[in-house]
Amino acid sequence: MKTISSISQFREWRKGITESVGFVPTMGAFHEGHLSLVQKSNETCNHTVVSIYVNPKQFAPGEDLIHYPRTLDEDLKKLDSFTVDAVFLPNNEVMYPDGFSTKVNEEILSNFLEGNSRPSFFQGVTTVVAKLFNIIQPSHAFFGEKDAQQLAIINRMVTDLNFPIEIISCPLIREENGLAMSSRNVYLSNDEKEVAAHINLALEDGKSQLYSGQRDPQIIRNIISNHISEQQLLKIDYVSVADANSLTEITESISGDILVSVAVYLGDTRLIDNFSYSPSSNK
């Protein structure tokens, strides 16, 4: 496993590789969700590249950029269990040198859900991912379904900008109590994690109603919101029942594929979770 910090060194290493290259872009602080992406790349591609870079452009003022967990030595040890050809470890000077002034904007899907709460977030994501795609030149890239809106936006960007990359979505991985795995879970005490587990339990309440035939989106939102609100430590940012393709909120009876998603604060820690549902298959 080769560690590379400069773009020129990476491009020199990349020369001559003609077989499939899987790419897993990360901000480090690995959990089983990250590692499942690496495993999927190993199963899919001849080569695997992982990047670790805490991207400042996707953090708004007042967010946790300074305190975001950084565990590089532990991350590299975890990668030893997989077949990783290279780890790209750029710093801010490499990714955003003096004079950098270009941004990549997706202008429709980015306006909803996370885009409402974190207006600069997706611009930072699409900019850094576009740069990484150009540097790594992967044939496949792997993203988790926990960040469902991000996945949709990356797919849109790849289509719109003609990147010759296949985006592979990978299932959301949960802790034993059902809490969606996130690097930010390290901010939570064990007691807080038990409270946070009610986020998934609330989503399961909504899912159960959908399986039982409930098609009123506001009833689904209310069921989820009421369960979360019973936990005094949890503060709802949003509860959404949206069209799975456009991400616009559904106001009439549910008839097509939907994304049910939430963002919730536990103290200063912001947690997201979701599930997808298709009435046609009742899955």
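Which residue forms a salt bridge with K193? The views below, all of a predicted model, begin with that pair.

**View 1. The salt bridge between E175 and K193.** E175 is the partner of K193, and the closest N and O atoms of the two are 4.0 Å apart. E175 lies in the loop between β6 and α8, whereas K193 belongs to helix α8, so the salt bridge ties together parts that are 18 residues apart in sequence. E175 is partly exposed, its relative accessible area being 21%. A search of the whole structure finds 11 salt bridges, and View 2 and View 3 show others.

**View 2. The salt bridge between D273 and R174.** Here the closest N and O atoms are 2.8 Å apart. D273 sits in strand β9 (residues 269-277) and R174 in the loop between β6 (166-170) and α8 (190-211), so this pair ties together parts that are 99 residues apart in sequence. The two partners differ in exposure: D273 is buried, with a relative accessible area of 3%, while R174 is partly exposed at 29%.

**View 3. A salt bridge within helix α7, and a salt-bridge network.** Side chains of opposite charge can pair when their charged atoms come close. In this view the side chains of D160 and R156 meet in a salt bridge, with 3.0 Å from N to O. Both residues belong to helix α7 (residues 148-160); because D160 and R156 are four residues apart, about one helical turn separates them. D160 is partly exposed, with a relative accessible area of 45%, and R156 also counts as partly exposed, at 35%. Elsewhere, E114, D237 and R270 are linked in a network of salt bridges.

**View 4. The largest nonpolar core, seen around F133.** In soluble globular proteins, nonpolar side chains tend to be buried together. The largest nonpolar core of this model has 40 residues, and F133, I154 and I167 are those with the most contacts inside it. Two or more residues each come from β2 (21-26), β4 (86-88), α6 (121-136), β5 (140-144), α7 and β8 (258-266). Helix α6 gives the most to this core, with 10 residues. Leaving aside residues up to four places away in sequence, F133 touches F23, P138, A141, F143, I154, M157, V158, F163, I165 and I167. Another core, of 24 residues, lies apart from the one around F133; among its members are A202, I228, V260 and Y277.

**View 5. The two faces of helix α3.** Which residues of helix α3 (residues 72-79) are buried? They are D75, L76 and L79. These residues cover an arc of only 95° around the axis, which means that they lie on the same side of α3. The face turned away from the buried side carries the exposed residues D73 and K77. On the buried side, the packing partners are β1 (2-4), α2 (32-44), β3 (47-52) and β4.

**View 6. The six-stranded open sheet and two helices packed on it.** The strands pair in parallel, in the order β1-β4-β3-β2-β5-β6. β1 and β6 stand at the edges with a single partner strand each, so one side of each has no neighbour in the sheet. On average, neighbouring strands are turned by 25° against each other, direction ignored. Two bridges join the parallel strands β2 and β5, and G22 stands opposite H140 in β5. Helix α2 packs on the sheet, where it touches β2, β3, β5 and β6, and its direction makes about 150° with that of β5. Helix α6 also packs on the sheet, touching β2, β3, β4, β5 and β6; the direction of α6 makes about 150° with that of β2.

**View 7. Strand β8 and its antiparallel partners.** Strand β8 is mostly covered, with eight of its nine residues buried. Nine bridges join β8 to strand β7 (residues 234-243), and the two run antiparallel. L266 in β8 is the bridge partner of L234. Nine bridges also join β8 to β9, again antiparallel, and L266 stands opposite T269 in β9. β8 and β9 form a hairpin with two residues between them, and G267 in the turn has a positive phi of about 65°.

Notes
Residues are numbered from 1 along each chain as its sequence is written. This is a predicted model: local features need pLDDT of at least 70, side-chain atom pairs count only at pLDDT 80 or more; totals for chains, interfaces and linings use all residues. Side-chain values use heavy atoms; hydrogens and water are left out. Buried means under 20% relative accessible area, exposed over 50%, partly exposed in between (1.4 Å probe, protein chains only). A nonpolar core is a set of buried Ala, Val, Leu, Ile, Met, Phe, Trp, Tyr and Cys residues joined through side-chain atoms within 4.5 Å. Contact means heavy atoms within 4.5 Å. The arc is that of the directions from the helix axis to the C-beta atoms. Two strands pair if DSSP finds at least two bridges between them. Axes are lines fitted to C-alpha atoms, for helices over the stretch in contact, and angles run from 0 to 180 degrees between N-to-C directions.
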